[in-house]
Amino acid sequence: MRERADRVVPQKAITVAMDGPPWGRSYGVIANISTGGACVLTDASLPLGQTLEVELSFFREPEIVPAAGTIVWIAGNRHVGAVRYGLEWDAGSRDARLTSLIAQASE
């Protein structure tokens, strides 16, 4: 069983742009984030198991942070508001810059 990473609820908004076939580009916000993944709020309809290329925009960070991950859980109903998607980072997305920005997000 995997150990769960400590989740951070961002004190400032972290927005996300997501690309994945076949729907194209979607947008959302991060509800919580960790070195293991993130909870994304969006009104997009994304399938469980889908791999996504994402671009994270951290508050006052001039450069977009690219990452990739897989949707591992879904909660909510798109017809009554935003859906929550559990995104698990791919191994290549767990770099020092993302880890540092995640730590700063709780400040």
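This report walks through the charged pairs, the ring contacts and the nonpolar core of a predicted model.

## Salt bridges

Opposite charges first. Side chains of opposite charge can pair when their charged atoms come close. Searching the whole structure turns up three salt bridges.

Arg25 takes part in a salt bridge with Asp19, at 2.6 Å from N to O. Arg25 also meets Glu55 in a salt bridge, again with an N to O distance of 2.6 Å. Arg25 sits in strand β2 (residues 24-33) while Glu55 belongs to strand β4 (residues 51-58), so this pair ties together parts that are 30 residues apart in sequence. As for Arg97, its salt-bridge partner is Glu61, and the closest N and O atoms are 3.1 Å apart. Here Arg97 comes from helix α1 (residues 96-105) and Glu61 from the loop between β4 and β5 (65-75), so the pair links parts that are 36 residues apart in sequence. Through shared partners, Asp19, Arg25 and Glu55 are joined into one network.

## How exposed are the partners?

In the network, Asp19 is partly exposed at 30% relative accessibility. Glu55 is partly exposed too, with a relative accessible area of 30%, and Arg25 is partly exposed with 37%.

Turning to the pair that involves the helix, Arg97 has a relative accessible area of 28%, which makes it partly exposed. Its partner Glu61 also counts as partly exposed, at 26% relative accessibility.

## Rings

If you're after aromatic pairs, the count comes to zero. There is a charge over a ring, though: the charged end of Lys12 sits over the ring of Phe59, 5.5 Å from the ring centre.

## The nonpolar core

Now for the greasy part. In soluble globular proteins, nonpolar side chains tend to be buried together. In this model, the largest nonpolar core has 25 residues. Those with the most contacts inside that core are Ile30, Ile33, Val54, Leu56, Phe58 and Trp89. At least two core residues come from each of β1 (14-20), β2, β3 (37-42), β4, β5, β6 (83-89) and α1.

Val54 is a handy residue to click on. Which residues does Val54 touch, not counting those up to four places away in sequence? With that exclusion, its contacts are Val16, Ala17, Met18, Val65, Pro66, Ala67, Leu87 and Trp89. Trp89, one of those contacts, is also among the residues with the most contacts inside the core.

Terms used:
Residues numbered from 1 in each chain as written. Predicted model: local features only at pLDDT ≥ 70, side-chain atom pairs only at ≥ 80, totals over all residues. Heavy atoms only, no water. Phe/Tyr/Trp six-rings, centres within 6.5 Å; stacked < 30°, edge-to-face > 60°. Lys NZ or Arg CZ within 6 Å of the ring centre and 35° of its normal. Salt bridge = Lys/Arg side-chain N within 4 Å of Asp/Glu carboxyl O. Buried < 20%, exposed > 50% of the residue type's maximum accessible area, 1.4 Å probe, protein only. Helix = DSSP H or I, 4+ residues; strand = E, 2+ residues; numbered from the N terminus. Core = buried A, V, L, I, M, F, W, Y, C linked by side-chain atoms within 4.5 Å. Contact = heavy atoms within 4.5 Å.
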